[in-house]
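Let's work through some charged side chains together. Keep the model open beside you and try each exercise before reading its solution.

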Amino acid sequence: MNAIDPALKPRLRRRSTFEFVAWVVCSLLALGILISVSTNPNFKWGVVAQYFTHETILRGLMLTIFLTIASMALGTLLGLALAIMRGSSIKPIAATAGVYITIFRGTPVLVQLIFWFNVAALYPNLAIGIPFTDISTAIDMNALMAPITAALVGLTLNEAAYMAEIIRGGFSAVGKGQIEAADSLGMSGWTKMRKVIIPQAMPSIIPATGNQVIGMFKETSLVSVLGVAELLQSAQLIYARTYETIPLLIVASLWYLVMTLLLSYPQSKLEQKYSRTTSRLPRKAKPVVLTDPEGIAR
Amino acid sequence: MSNDGTILARKIGKSFGPKTVLKDIDLEIASGEICCIIGPSGSGKSTVLRCINGLETVDSGVLKVNGEDFGYYETDTAYHALPPKKLAEQRTRVGMVFQSFNLFPNMTAHENIMSGPVLVKRADKKQSAKRAHELLASVGLAGFGDYYPAQLSGGQQQRVAIARSLAMDPEIMLFDEPTSALDPEKVGEVLAVMKQLAKKGMTMVVVTHEMGFAREVADSLIFMDDGYVIERGDAREVLTNPKEPRTQAFLEQVL
């Protein structure tokens with residue numbers, strides 16, 4: 001019999017040769033890039049610093065934030081409506097939502113944005129009126145579809161299609177038994193949606209929505225093609241004047257990066273909170289001490 | 001509205017696609033009767049129950065619950081499906097207890113029990129809360145109101161589910177294998193609540209594999225196989241003296 005020595009020796013992780021090689025190669029690569037970036041005068045870091053908090057840039061940033069919040073909020077609401085329509089038992093309603101989602105997810109956002117900007121070519125006048133009466137007003141579409149409006153409409157309508165799919169996915173994650181339980185209590189469709197399906201779908205919808213917000217923040221840069229002075233367009237306006245293209249692009253990129261990092265912290269918190277293991281226990285749940293469950297039960 | 005509590009079925013048929021699951025089912029359950037449905041899995045027992053509650057619609061035959069055509073109204077030429085509101089109203093009078101409890105995980109036990117009266121019947125919140133309290137106590141779970149389903153054992157969850165159905169004051173209670181998902185230790189506590197309910201004169205239809213419960217509590221027993229009612233009769237009579245060979249074979253296996 002061999003004596004077993006119970007002394008506490010540390011247990012070591014296996015390190016492969018590849019790990020050492022990877023360390024060396026990646027470190028050298030990082031060092032090289034760092035030296036190049038910091039010594040190449042064409043980066044003009046001074047200009048970057050100068051414009052980083054420039055008024056035009058900050059105003060562009062504000063507009064980018066506004067576009068993100070507005071299009072996400074409106075897109076989520078419209079997406080919720082589409083998701084509910086998609087699940088409707090009334091065929092034409094479900095089909096309408098299906099066609100909408102197919103079209104808006106199946107074409108590039110950039111094309112959609114340009115389309116809404118030029119929609120006046122299709123419908124020069126938007127007439128709003130009550131049918132069979134004389135009450136109506138006509139709005140000049142060209143005036144209505146100002147760049148910012150077109151940007152907001154384009155981003156919202158596109159986002160709605162994506163949100164509809166996310167929300168629908170959340171709905172379908174709610175167990176069939178839950179719906180049957182609600183049905184057997186005689187709940188109306190709307191009550192069932194509000195009290196049973198939506199609260200239980202939230203854990204899968206919220207983290208995905210957070211991802212969409214981060215995506216949308218960067219997607220807003222596309223509306224620069226419409227001449228909306230958001231972050232990227234603001235940078236472009238400056239370098240069109242000063243020809244300092246790369247430094248200004250770095251300024252814009254740094255802001256996108258900063259905002260994305262700021263958003264990804266709450267995003268990861270949200271994901272943790274709604275992760276599969278904890279989703280069974282709503283956050284309101286009080287810590288409980290089971291003292292004598294059987295005693296009370298009897 | 002009649003305060004009825006009866007179930008009457010004549011030649012109910014039901015199929016899922018090409019598979020026929022119910023064939024010419026006849027049922028006659030009186031008010032206050034405790035009826036157990038037994039049979040091998042896939043025999044259509046659960047489907048019968050789900051039809052009585054409207055979770056499935058019958059394809060043919062007549063189904064009257066609480067003395068009314070269930071889910072349909074009759075005209076000279078056809079049975080027309082009821083609008084959702086009317087169907088929901090009929091469903092409130094039939095309680096259903098599921099094998100997998102199906103409590104709403106986003107609500108506490110108390111909120112689960114109140115969900116029916118408050119969200120469906122628009123009953124007074126305070127009164128419903130008081131009622132929920134009494135119901136919790138009646139299923140032996142006084143003091144468990146603030147617990148979420150995930151914090152309760154299977155047996156406790158199932159008792160909350162029974163209380164939730166009772167909160168709607170149904171005339172009929174349906175139980176779909178209420179103890180099949182429980183560990184043996186917890187089966188007793190759920191059966192005890194059901195026995196207590198049976199004594200109060202509630203019409204109950206119980207799909208179960210608990211032959212002991214059927215023998216002790218049930219008035220009538222139905223044995224189903226392959227979508228047919230094979231044998232029916234007094235519960236103790238069928239359990240001790242089954243007439244059909246198929247019933248005999250089944251009971252030999254399970255008893």
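Below are three exercises on charge pairing, each with a worked solution.

This is a predicted model, in which local features need pLDDT of at least 70, side-chain atom pairs count only at pLDDT 80 or more, and totals for chains, interfaces and linings use all residues. Residues are numbered from 1 along each chain as its sequence is written, chains are lettered from A and ligands numbered from 1 in the order in which they are written, and side-chain values use heavy atoms, leaving out hydrogens and water.

**Exercise 1.** Find the salt bridge partner of Arg13(A).

*Solution.* Start with the criterion: a side-chain nitrogen of Lys or Arg within 4 Å of a carboxyl oxygen of Asp or Glu. Glu19(A) pairs with Arg13(A), with the closest N and O atoms 3.2 Å apart.

**Exercise 2.** Work out which residues form salt bridges with Glu180(A).

*Solution.* First, look within helix H8 (residues 176-184; helices are DSSP runs of H or I, at least four residues, numbered from the N terminus) of chain A, where Lys176(A) and Glu180(A) lie four residues apart, about one turn of the helix. Their closest N and O atoms are 3.3 Å apart. Next, turn to Arg50(B), whose closest atom pair with Glu180(A) is 2.5 Å apart. This pair crosses between chains, from helix H8 of chain A to helix H1 of chain B. Finally, both Glu180(A) and Arg50(B) are buried (under 20% relative accessible area), while Lys176(A) is exposed (over 50%) at 62%.

**Exercise 3.** Locate the side chain of opposite charge nearest to Lys45(B).

*Solution.* Glu177(B) is 4.0 Å away, yet the buried Lys45(B) has no salt bridge. Then check the backbone: the oxygen of Gly39(B) lies 3.0 Å from a polar atom of the Lys45(B) side chain.

How values were computed: Buried < 20%, exposed > 50% of the residue type's maximum accessible area, 1.4 Å probe, protein only. Lys, Arg positive; Asp, Glu negative; His and termini not counted. Polar contact = N/O pair within 3.5 Å; in protein donor to acceptor, adjacent residues only side chain to side chain. Helix = DSSP H or I, 4+ residues; strand = E, 2+ residues; numbered from the N terminus.
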